[in-house]
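Got a minute to talk about aromatic rings? Here's the structure to look at while we chat.

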Amino acid sequence: MFRTFAVICGMFAATLTPIAQAADVTIVKAAPRTNTQIAIVPFAGAESISGIVANDLTNLGQFALDSNLPERPKSSGEVTLPVWQHQGVPYLVVGNTRSNRGDIEINFEVIEVGSGRVLDGVQRVSSRNTPNALRLAGHKVADRIYELLTGVQGDFSGKIVYVVENGTGKNRVSRLIMSDVDGYNPEILREYRGTIKSLNPSLDGKSFTYTAQGEGYPVVYASDVVSKSSRLLTPFRANNFSASISPDGSRVLFSSDKDGNPEIYLSTGGGAAQRLTNHPMADIAPSWAPDGQSFLFTSDRNGNNRPQIYRYRFATRSIEQVSRGGSYNTSGRISSDGKKMSFLSGTQQGAVMDLITGSVSAINNAGLSEAPSISPNGQHLIYSGRNVIIIKSEGKTISINPHQNGAPAGVIREPIWLKGAP
């Protein structure tokens with residue numbers, strides 16, 4: 001039998017044009033074995049790419065990855081099926097690369113070992129011949145394998161954004177950082193003397209919002225993932241708390257006390273913002289539902305310091321309470337499939353509600369007053385473990401230490417997961 005979670009090794013002698021090597025990968029913490037297993041044969045001419053694929057799939061605990069391979073085929077036509085059937089591994093991935101006008105074309109196949117069937121034929125991912133591009137290509141290969149085996153689109157090719165905080169009070173410095181999902185390639189988007197908080201991703205993964213506060217009023221920004229630039233959303237001399245970009249990218253919800261009391265506003269970017277709520281108690285932390293027909297927000301309508309999460313429906317302008325149980329529920333966000341809501345339950349306990357059954361699961365947030373974030377495909381949770389980033393999937397957890405990959409040291413806050421480009 002294969003040795004579970006061993007690092008996949010071995011190099012094919014390639015007759016192709018040499019390609020740039022993607023960064024080495026390290027599995028920070030191997031996830032437990034699950035019922036689904038997959039063997040990945042190092043891709044001919046691009047072992048570094050298949051190593052990234054192996055790291056992605058292993059890290060989220062969906063598959064058992066093995067390296068004690070009985071043979072090393074480059075395509076399904078070279079697979080000796082009885083050999084793999086004898087090993088008892090349900091799925092096998094084989095692949096190779098070729099040069100295409102200076103770019104690299106990655107061809108791979110996912111084989112159902114029991115039947116010998118190739119799932120949806122030969123798959124192809126093209127990439128520029130640079131380390132970063134090849135690393136992204138490896139994540140896209142993992143996305144496709146995940147989708148072929150589970151029916152759910154993978155989201156390894158996305159980005160994570162988080163805050164690293166150092167110091168306290170007037171000496172506090174916050175750095176807004178974006179990296180690959182596995183923690184590699186960290187990049188500082190902004191350094192701010194003060195606090196950066198309330199990160200909220202857009203549904204399409206192209207942007208996110210955040211609140212920054214130094215010595216003056218808190219203000220809200222939207223940041224573009226490609227240009228890495230930020231634009232001010234709330235140019236008001238007021239307390240501006242948080243924002244959320246609509247699923248189609250055309251509108252922004254934000255919370256502000258610019259008219260005297262914290263309320264929720266809708267902006268289309270072309271004029272004055274429209275106030276949507278009007279209540280004596282504070283209404284803050286808006287977050288769009290994925291269908292764009294409603295949004296969640298937090299309010300003290302049940303009593304001062306007893307916040308709950310509510311839903312505002314545009315069609316009827318009606319408001320209904322969503323959170324149930326407990327006297328402190330805030331920062332609700334709905335998953336992209338509309339089935340779950342992540343939120344903060346109590347001052348230091350993250351939680352996830354199944355919006356169909358109403359059941360609630362507690363998530364350990366390492367004592368930080370933050371809600372977990374749900375990954376773009378709705379299958380994983382991401383949250384801070386103070387000095388590491390935690391990804392939780394179906395009860396399994398892995399830790400990513402971004403400091404090992406070049407991110408500055410400090411307390412990690414509010415990681416969010418952005419959807420990758422197609």
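What follows is a short back-and-forth about ring contacts in this predicted model.

Reader: How many aromatic pairs does the count come to?
Author: Rings of Phe, Tyr and Trp pair if their centres lie within 6.5 Å. By this rule, the count comes to 12 aromatic pairs.

Reader: Is the pair of Tyr 146 and Phe 156 stacked or edge-to-face?
Author: The ring centres of Tyr 146 and Phe 156 sit 5.9 Å apart, with 85° between the planes. Planes over 60 degrees apart count as edge-to-face, and that's the label for this pair: edge-to-face.

Reader: How many residues apart in sequence are the parts that Tyr 146 and Phe 156 tie together?
Author: Tyr 146 and Phe 156 are both buried. Tyr 146 belongs to helix α3, while Phe 156 is in the loop between α3 and β6. So the pair ties together parts whose separation in sequence is 10 residues.

Reader: Which strands does the pair of Phe 254 and Tyr 265 tie together?
Author: Phe 254 and Tyr 265 are stacked, 5.4 Å centre to centre and with 15° between the planes. Phe 254 has a relative accessible area of 2%, and Tyr 265 comes in at 1%. Because Phe 254 lies in one strand and Tyr 265 in another, the pair ties together β14 and β15.

Reader: Which ring has the charged end of Lys 258 sitting over it?
Author: Arg 135 lies over the face of Tyr 184, at 4.1 Å from the ring centre. For Lys 258, the charged end is 5.2 Å from the centre of its ring, and that ring belongs to Phe 236.

Key: Residues numbered from 1 in each chain as written. Predicted model: local features only at pLDDT ≥ 70, side-chain atom pairs only at ≥ 80, totals over all residues. Heavy atoms only, no water. Phe/Tyr/Trp six-rings, centres within 6.5 Å; stacked < 30°, edge-to-face > 60°. Helix = DSSP H or I, 4+ residues; strand = E, 2+ residues; numbered from the N terminus. Buried < 20%, exposed > 50% of the residue type's maximum accessible area, 1.4 Å probe, protein only. Lys NZ or Arg CZ within 6 Å of the ring centre and 35° of its normal.
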